[in-house]
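This briefing covers one protein model. It deals with charged side-chain pairs and with one helix. Please keep the structure open while reading.

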Amino acid sequence: MKPQLSRRHFLQASSIIALSQILLGCGNSNSLTQIYFLADSIPPQLIRDFRQVINNRRKIDFRPQTQILQIFDLLDNLKQTEKLEPKTKNFLSKIFSKSEVNPNLTTLGDAWLARAIKQNLIQPLATDNLSNWQQLPQRWQKLVKRNSQGDLTADGQVYGAPYRWGSTVIAYRSDKLSAPPTDWEDLWQPELRDRLSLLDSPREVIGLTLKKIGQSYNIPDIRAISNLEAELLTLHQQAKLYSSDHYLEPLILGDTWAAVAWSTDVIPLLKRHPEIKFIIPESGTSLWADLWVQPKITASLSSGAPENQRNEIEAWINYCWQPPAVKQISLFTDGISPLLSVLPENEIPQDLRQNAFLNLTKANLEQHEFLLPLNSETEQQYRDLWLKIRS
């Protein structure tokens, strides 16, 4: 008589199926190398060129994903399979034997890094075989050196390999405003009353207000800033809407004349809507970076992993930091490679020499900030202030 699956086992199995339909051979050392990446963050020709360079008979499976959240959920779901009892794992393996999900490397945004480390979803990268690690500007090296709680630390392990970046910007209608904005303070001008869209993000909106009054995005105690609430309330009165998904449609239609926006959303619009321009605020803005991270569940770069997988993953990260890839990422995606700024001037394509973000790195990047992890007390301060203003 075949063993019956208990109700508890069945509920465990059903939970995993509902999450993402993946157990799918996790930890199978004989599986092909799988690289999950954020769609449009890597040019298709870059993958094609990489395959030609490595000239490897083994197939490397590149799988685009539509959102960082989708990738994070995948990592979380994969981690949950470790908690299943062997009977449940065997049951699921039979169901999903033809569809294997076992990512060896994935994209993750820097804003998700601390959470992924703290939840034990990813593991450190070994930089000894990453040939261009030392060429990476210190700003990006520091960003990915973390302790086991995900906090930045100078002697921390390297948890990610940055391959492109961008920033928060001000997008605006050049045919509507009497003068183009230059800094955050211009969002408070009377001309933009009820003509402004803001991101539905406390870190971004409170952060830009902090920058406007000469403070840091990452200040640990926002209650100590006496004029912050008043400034934020005035900005709130300017806003026509808050959205992190559909904030550019009103700008295109002319219902709003300016929008706080992420550069990756704005740049694709510029050719189709030449009336829309953007600026990087002079006093400083928030930065973001896309990183390659190693899922904890695969242990792909550990000593026990297959040699071919370690070589292929290291080869891909190294390739993304080589000059030809640096140029392609910067030319054909809506971000810019962190290594573009270290290329000799005569190697930078003409189309990139006037790139606003390249010029930013050559000027003074220090006043622009990554949104670093906040402690629980500061997070609560943000929530309380955000609810108070929005109510």
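Which residues are linked in a network of salt bridges? The network joins Asp221, Arg223 and Glu377. Note that the model is predicted. A search of the whole structure turns up eleven salt bridges. Side chains of opposite charge can pair when their charged atoms come close.

**Arginine 164 and aspartate 290**

- Arginine 164 pairs with aspartate 290 in a salt bridge, with the closest N and O atoms 2.7 Å apart.
- Arginine 164 belongs to strand S7 (residues 161–173) and aspartate 290 to strand S12 (residues 286–295), so the bridge ties together parts 126 residues apart in sequence.
- Arginine 164 is buried, at a relative accessible area of 5%.
- Aspartate 290 is buried too, and its relative accessible area is 5%.
- Both values fall under the 20% cut-off, which is why these two residues count as buried.

**Lysine 240 and aspartate 194**

- A salt bridge also joins the side chains of lysine 240 and aspartate 194, at 3.9 Å from N to O.
- This pair links distant parts of the chain, 46 residues apart.
- Lysine 240 sits in strand S9 (residues 239–242), while aspartate 194 sits in the loop between S7 and strand S8 (196–198).
- Lysine 240 is partly exposed, with 42% relative accessibility.
- Aspartate 194 is partly exposed as well, with 40% relative accessibility.
- Partly exposed covers the range between 20% and 50%, so lysine 240 and aspartate 194 both qualify.

**Arginine 48 and aspartate 49**

- The side chains of arginine 48 and aspartate 49 form a salt bridge, at 3.2 Å from N to O.
- Arginine 48 is partly exposed, with a relative accessible area of 48%.
- Aspartate 49 is buried, with a relative accessible area of 16%.
- The bridge between arginine 48 and aspartate 49 thus pairs a partly exposed residue with a buried one.

**Helix H7**

- How many of the eleven residues of helix H7 are buried? Nine are, so this helix (residues 202–212) is largely enclosed by the rest of the structure.
- The buried residues of H7 include the charged-group carriers Arg203, Glu204 and Lys211.
- Val205, Ile206, Gly207, Leu208, Thr209 and Leu210 are buried in H7 as well.
- Glycine 214 follows H7, and its phi is positive, near 85 degrees.

Notes: Residues numbered from 1 in each chain as written. Predicted model: local features only at pLDDT ≥ 70, side-chain atom pairs only at ≥ 80, totals over all residues. Heavy atoms only, no water. Buried < 20%, exposed > 50% of the residue type's maximum accessible area, 1.4 Å probe, protein only. Helix = DSSP H or I, 4+ residues; strand = E, 2+ residues; numbered from the N terminus. Salt bridge = Lys/Arg side-chain N within 4 Å of Asp/Glu carboxyl O.
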